[in-house]
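Me: I should like a close look at a single part of this structure, together with its surroundings. Please set it out as one connected account.

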Amino acid sequence: MGALLQLAEVRRHFGGVQAVDGVSLEIESGTIFGLIGPNGAGKTTLVNLVTGYIPAQSGSIRLGGDGGAAELARRRPDVIARMGVARTFQTLRLYRNLTAFDNVLVGMHARRKHDTLQQIAPLPAFQHEPRARLAKASALLERVGLKPDEYGMRRAGTLSYGDQRRLEVARALAIEPRLLILDEPAAGMNPVEKDKVRDLIRQLNADGLTILLIDHDMRLVMGVCNRIAVLNFGRKIADGSPAEVSADPEVITAYLGRQAEKSGAHVPGAGATTIATADRHGSRAGAAAKPSGRMLEVSNLEVAYGAIRAVREVSFGIDEGEIIALIGANGAGKTTILNTLSGILRPRAGSARFLDIDLTVTSPDRIVRHGLVQVPEGREVLARLTVRENLELGAWVRRDRQAVHREIDALSSRFPILGRRRDLPAGQLSGGEQQILAIARGLLAKPKLLLLDEPSLGLAPQMVDAVFDVIRQIHEEGTTILLVEQNALRALEVADRAYVVETGRILLSGTGAELRRDPAVQKAYLGG
Amino acid sequence: MTQQLLNAIFIGSIYALFAVGYTLVFGVLDVLNLAHSAVFMLGAVITYSLVAIHGLPFIVAAVVAVFICGLLGLLIEFVALRPLRRRNAPPISALISTIGLALIFVAIVEQATPGTLFSWLWQDGANSVRFPSGAVPDPTYHIAGVTLEGTKLGILVTSILLMLVLGYVIRYTQVGRALRAVAENRRAATLLGIDVDRIFASTLFVSSALGGLAGLLFGLALSDISPYIGRDQVELKGLAVIVLGGMGSIPGAVVGGYLLGLIEVVAFVRFGSNVEAGVAFAALFLMLVVRPQGLFGARLKERL
Amino acid sequence: MKNRLQGITVAVALVLAACGSASTGGTTSSSSSYQGKTINLGAILSLTGAGGVYGPSSKKGMDLAVETINNSGGVNGAKLALDTEDDASDKAQSAQVAQRLIQQGQLLALLGPTLSNSAVAVHPLAESFKIPILAVSTTGIHIVPDCNYPKTDPCKYVFRDSLGEESAIPANIKIYSEKAHPKTGVLLVANDDKFSSDGGKIVQATVAQYGIQLLDTVQFSKTTADFAPPVTRAVQKNPDVIFITSLGGIPAKIMIEARKQGFTGQFLGGNGFNTAVVSKQAGAAGKGAQSGSGWYINNTFPSNASFVKAYRDKYGSDPDQFAAQGYAGILILADSAKRANLTFSDTAGDRTRLRDAMEKVNIDTPLGRFQFTSTHDVKQTIWVIQMDGAGGFNLVISVSPS
Amino acid sequence: MDFFILLFTDPVRFYNSHELLIAQIGVNAILAISLFVTFYSGQLTLANAGFMAVGAYTTVIMSLYLPLPLPVDILTGTLLAGAVGFLVGLPVLRLRGIFLAIATIGFVEALRLGVILNVPITGEGQGLKNPGADPLGGIVPILVSLPIIAYLVWRLTRAKLGHAWAAIREDELAASSNGINVALYKMLAFVIGALLAGYAGALETHINFFVDPTEYSVTRAIQILTFAVAGGTTNVLGPIVGALFLTSLPEIIRQASAYRDVVNGVILILVIIFRPQGIVAGGGFAIHRPHWWPVNWRLGGRTASTG
């Protein structure tokens, strides 16, 4: 069997960022090929290059076949799809308002004759083909494990998360692909569901389908793939059998971040990190000294998006002065919990109290005023405002302008990057710099409790270290912190206590140290 | 030609003043407020009635009218926009609900004649009137063969001043930053403790106040006040203006206003009058085709 | 109260006078008694929308006339009943309303519609249903008799009592050029509504025969915000005369702008000038602006004096041309009905009888002595008037019908 | 109310006295459908008024100058509208949402003010009389073609074509991953919409005697939009009901004569607030209760995508 898909020196950069940097790989037809790597490593960009959503800037992408190989680079997505490359999307992209059946029927588009006439004159004579199509559609639903008569007529948007993922696979299969690309098909699924996905993938492969699988979940990837390539910062850092790859030290570093040697870990270009600015201390002194009491109390929280229950009976608490970490896979519900605490989402059940206010009814801005501040996932700095303006807005809830300005100056001398870039649009900062900006912005609101969502997301290891140093510092200065991380081990290093979240539930809890030693956690994040 | 260029500048400043409010709402709320032209009209109508019917001095009347228009902005927000936003209705439904409001506003004025329900607001039905002569001084100067009209100069100055002020507020004040923050990313803004709904409300207030002011200046300088000045004279031109300048961009609206004024007058002088009316829309069409984000292009996001 | 009664009695006297004169006007119809019957009329007017400037006046005039006539014993004892409907200035709605009124079955005649665009849709409809329709405010071309234009067969059931631009504008230009012998002129015309561009065509067709050279024709859209550019262009040609054919507030806006820009010449126009509102809006700038009108408020002959008085008493404001023409419209129909020997049983027949009677109308109205031409158009004195700069008009001269 | 009284007590007389209204409803329904087609493919266009003008003027001008049977004139008008639709579609279909809408507004007004008012053959501002007009006969083709068109469009939405449109409306990216040529299908929708609008325009000239520029303005375009949106755009029945409802409204509420537009506006707002999906839509006759204040505090649809 020859190679079905060949990538040679494929390159793509956005602005300064090398998203995919000279990647070459070969996918043998009939195999399951795994593509892994930390967030922001360029996996999805690579998929978009192959499927034609983003034109490659150089290199070639060839789809092998009986009639010789065909170049895919610089073809329209729909053409590539018709050539037999089907995909699913990391962020579900179903036709939410169409029924499951219609989703699959649309999927058949490329393999379907125009039937306008039959539809206009629905004579029995013409009906055989549509009926055949329906039969095929329900067969596909069956195949991915959705009972047609039960789910077929339901609107896709109303299906459960797992079922939606399955439906997306069915839709992709409808095009009768030669290569199926699955972009994180198991994201946010519980072990049982994940096992189903694994079986499905195996099944499809057994039926002779070649599969390119992208996922975070080591267990899954290691379990099913014949061959695995690892991306990091757009470059391929390893390529081989599951065993080889999981042994590769570089891979481990990429996943766990360097064990930060406490000494000399600095924010790039940072001045003496010890300048913990006078007046911030002044303003915090009290906080630091206070005897620790219950600050946040969450019990039996339940949050749902429509039919999908994203968070179920979650209970935990935070004492003043603690760092608490929530760890867990993508889509496990961590961010949902934070957004509920910030008042952006409203729980379906349960309670959440912060100091003396009820978070389930207070409006987001008042929550911030009371000192519960979130630094959201993906930074969400205001790209078109300057760094300085971002900081100014951080202090929106405060009226003591002079103090604010002093603090801003202090922060910009503490994080010289912010100082130097103060008049640049925040959008032009690098990921790490943006993260620091986001945190600094959060601090300016004088938080009593700071929620940090994925602060290390898609950052280079040394940036990760820098960010965690900052977190440690502000904690030492007396801010209580709730930290949400995928980078479990780093999170556990700094956390006093941690909770492991999976599919909306709290699975384990304990001190950082305990959990780090816990084999279950190791397994969950390292596979093997 | 000099005269015509002056004309262009004057028209431009009216367009600009109208469009600034129009574009402000679009920039911050992502909706096209089609009731803006009706508020523009009411700005003129209310001022007129305060002067002509209730006998207030012009300046007082103007201030009151502008304030009332601001309140109408709040009405628009609470009646036509917020309920839809609450349930994530697509911006297009906001289009319809604001059209509904515009219909109502125009109809009320159009039907107001002596002895009717709204005779305190307006008494000339569908007719068009002007401010009673003497209500405002309107000197006219003839210098080197060009005519300079006091009222129009007034408009020019007012609008430039206003736009400078607005520009300053938006660029250099905390509120202005909050405004831009909300415009760019409501979620992030909320997490910073910004009360997005309040920002929206104040945006509507300011935008409508500006619209009203533009309206009364229009009525003053062009001696034309009628239920239709908003709908017929400026609404679509305003649209062209904000597209030329880049939808949602304040400086864009200003430049776009003067640009359109210029385009129209040039078209009028070069290719004759009958083309003039169409040219605005040809320009709009081309701009969208060639450079959808307009001159001062903000980002284009999908809005439907 | 007292003088109101007077107003009415005078008006009554008038109507009777009118009928008397009608019988002298050649018809030999014995006025049979309609005691206890009702003569149903329908009016299609633009009370809302752009036409709302004219429709309401027409309605007031008609209502006044109906009231006056009924208070004075009606038409041979029969009461007049007028059903007025709004067409929202929309052509389609206008036709729909017309059809509904016609099909109600008992209407003998229709009045209106207000706008030329609507008339073009409604009149042929009335013609095909063989019901007389009297236009009371439309002044464009192709209204009567060629409502089927471009088809040539004349419309038998369509009349109008509103002085057409075809008569008003030329008369006005004639009078002015005989007095002032202007050499040059510029035409300012709105090119996006029928009324205005009709007027423009008429001006262009007329000026030559009075030796006026049209230096330029400046077209503009009704939606033009600022008329400075067109006016500048006109003024810089410095013509003796600026002709304005347009509607609503536009003529006033143009006059004001032109005077500001230093134009000292004459404004000439048509029906677009003839409402007090326009004169009021133009103010001082409009002083002297001259137009041919079907009616002049200060005419002292009784049929007008009493109308104006009654109108002021009833509505507390001055009537305008459209009120007068509406009022006249009812008088005309009443007089015709009087002479038509209506049966009140055979509607179709009555409609035709009424039509025949209308052709022989010859009565005194606020517009002056009124007859229809053989083509059902206005045959009356044309009142050439000037704005007085204070919201009113002065009579320049009256041109009696040829 | 006597509108309904007559309707139910004496349908025949109702028909005779409201024939033109019914015809107008028919035309408006076809127009609303023409907008529905593009809307169904996820595009908000207001160009229909312009395509209408093309259809109408072509038909009238042909019947004025060429001795051809009426159907030929109408057909030509329709096809020409389609052709114009294609030409306009080429540049504007890259645009999305409100931007597409505004671009099409530009097209409509430029056509009206720039072209129609300046080409003598259109009669410019004076408009054109349609010698072939027959207000009472004109209703026949309308009443015949409306159901046919409705049926065809309904079936189209069920066919491969319709599925592609729906897919594009729901998610262009996913659609192309299913092998759907987005640009092509968008254009198809746009052109079909143009054809329908042109056809409606051509028919309309035969129930009123006269075409003039004022009818093909943005006002008209927006009116068409309100028909579709108020009626509901989930299936082809929506636009028809919308047209029926809003066109007969002025007749129904004659009582409120003077303040009719006020009532109009109020109803429009009520519909859009209480039935955001339109009169005819999923959820049967459920009335949407607006949460006037932050009972259920949400920010846009944006939050639901996080987590």
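The reply concerns chain B and its contacts, followed by two details elsewhere.

Reply: This is a predicted model, in which local features need pLDDT of at least 70, side-chain atom pairs count only at pLDDT 80 or more, and totals for chains, interfaces and linings use all residues. Residues are numbered from 1 along each chain as its sequence is written, while chains are lettered from A and ligands numbered from 1 in the order in which they are written.

Chain B contains eleven helices and two strands (DSSP runs of H or I over at least four residues and of E over at least two, numbered from the N terminus). Along the sequence, these elements of chain B succeed one another as α-α-α-α-β-β-α-α-α-α-α-α-α. Chain B has a radius of gyration of 19 Å, close to the 19 Å that the globule rule gives for 304 residues, so chain B is as compact as a globular protein of that length (C-alpha atoms only; the rule is 2.2 Å times the number of residues to the power 0.38). The C-alpha trace of chain B spans about 55 × 50 × 35 Å along its principal axes. Of the 304 residues in this chain, 66% count as buried (20 or more other C-beta atoms within 10 Å; exposed, 12 or fewer; partly exposed, in between; C-beta atoms placed from the backbone). Among the contacts in chain B with a separation of 6 or more, 72% join residues 24 or more positions apart (a contact needs backbone-placed C-beta atoms within 7 Å).

Two helix pairs within chain B show contrasting geometries. In the pair formed by α3(B), residues 58-86, and α4(B), residues 91-110, the axes come within 9 Å and cross at roughly 160° (axes are fitted to C-alpha atoms over the stretch in contact, and angles run from 0 to 180 degrees between N-to-C directions). That angle makes α3(B) roughly antiparallel to α4(B) (over 145 degrees; under 35 is roughly parallel, 65 to 115 roughly perpendicular and the rest oblique). The crossing of α3(B) and α4(B) is right-handed (near helix turned clockwise from the far one by less than a right angle; left-handed if anticlockwise). On the α3(B) side the contact uses B:I76, B:V79, B:A80, B:L81 and B:L84, which meet B:S93, B:A94, B:S97, B:T98 and B:L101 of α4(B). The residues of this contact comprise seven nonpolar, three polar and no charged (nonpolar: Ala, Val, Leu, Ile, Met, Phe, Trp, Tyr, Cys, Pro; charged: Asp, Glu, Lys, Arg; polar: the others, Gly among them).

The other pair joins α1(B), residues 2-29, to α9(B), residues 229-245, at an angle of about 70° with their axes 9 Å apart. Here α1(B) is therefore roughly perpendicular to α9(B), and the crossing of α1(B) and α9(B) is right-handed. From α1(B), the residues B:Y15, B:F18, B:A19, B:Y22, B:T23 and B:F26 meet B:V234, B:K237, B:G238, B:V241, B:I242 and B:G245 of α9(B). The contact of α1(B) with α9(B) consists of eight nonpolar, three polar and one charged residue.

Turning outward, chains B and D share the most contacts of the five pairs of chains in contact. Their interface takes 44 residues from chain B and 45 residues from chain D. On the chain D side, the elements giving two or more residues are α4 (70-92), α5 (97-115), α10 (218-231), α12 (260-274) and α13 (302-305). The largest share of that side, twelve residues, comes from α5(D). In composition, the side of chain D that touches chain B has 28 nonpolar, 13 polar and four charged residues.

Chain B also touches chain A, with 15 residues of chain B in contact with 20 residues of chain A. On the chain A side, α14 (364-369) and α15 (387-394) are the elements that give two or more residues. That side of chain A divides into eleven nonpolar, three polar and six charged residues. Chain A and chain C, by contrast, do not touch, and their nearest C-alpha atoms are 34 Å apart.

The partner chain D has 13 helices and two strands, and 61% of its 307 residues are buried. In chain D, residues 24 or more positions apart account for 77% of the contacts with a separation of 6 or more.

Two details lie outside chain B. In chain A, helix α3, residues 100-107, is mostly covered, with eight of its eight residues buried. The cover over α3(A) includes α5 (124-144), α6 (148-151) and α7 (161-173) of chain A, together with α7 (160-170) of chain D. In chain D, D:S145 lies in helix α6, residues 139-158. With 18 other C-beta atoms within 10 Å, D:S145 is partly exposed. D:S145 and D:V27 are 118 residues apart in sequence but 9.7 Å apart in space, C-alpha to C-alpha.

Key: Two residues are in contact if their C-beta atoms, placed from the backbone, lie within 7 Å.
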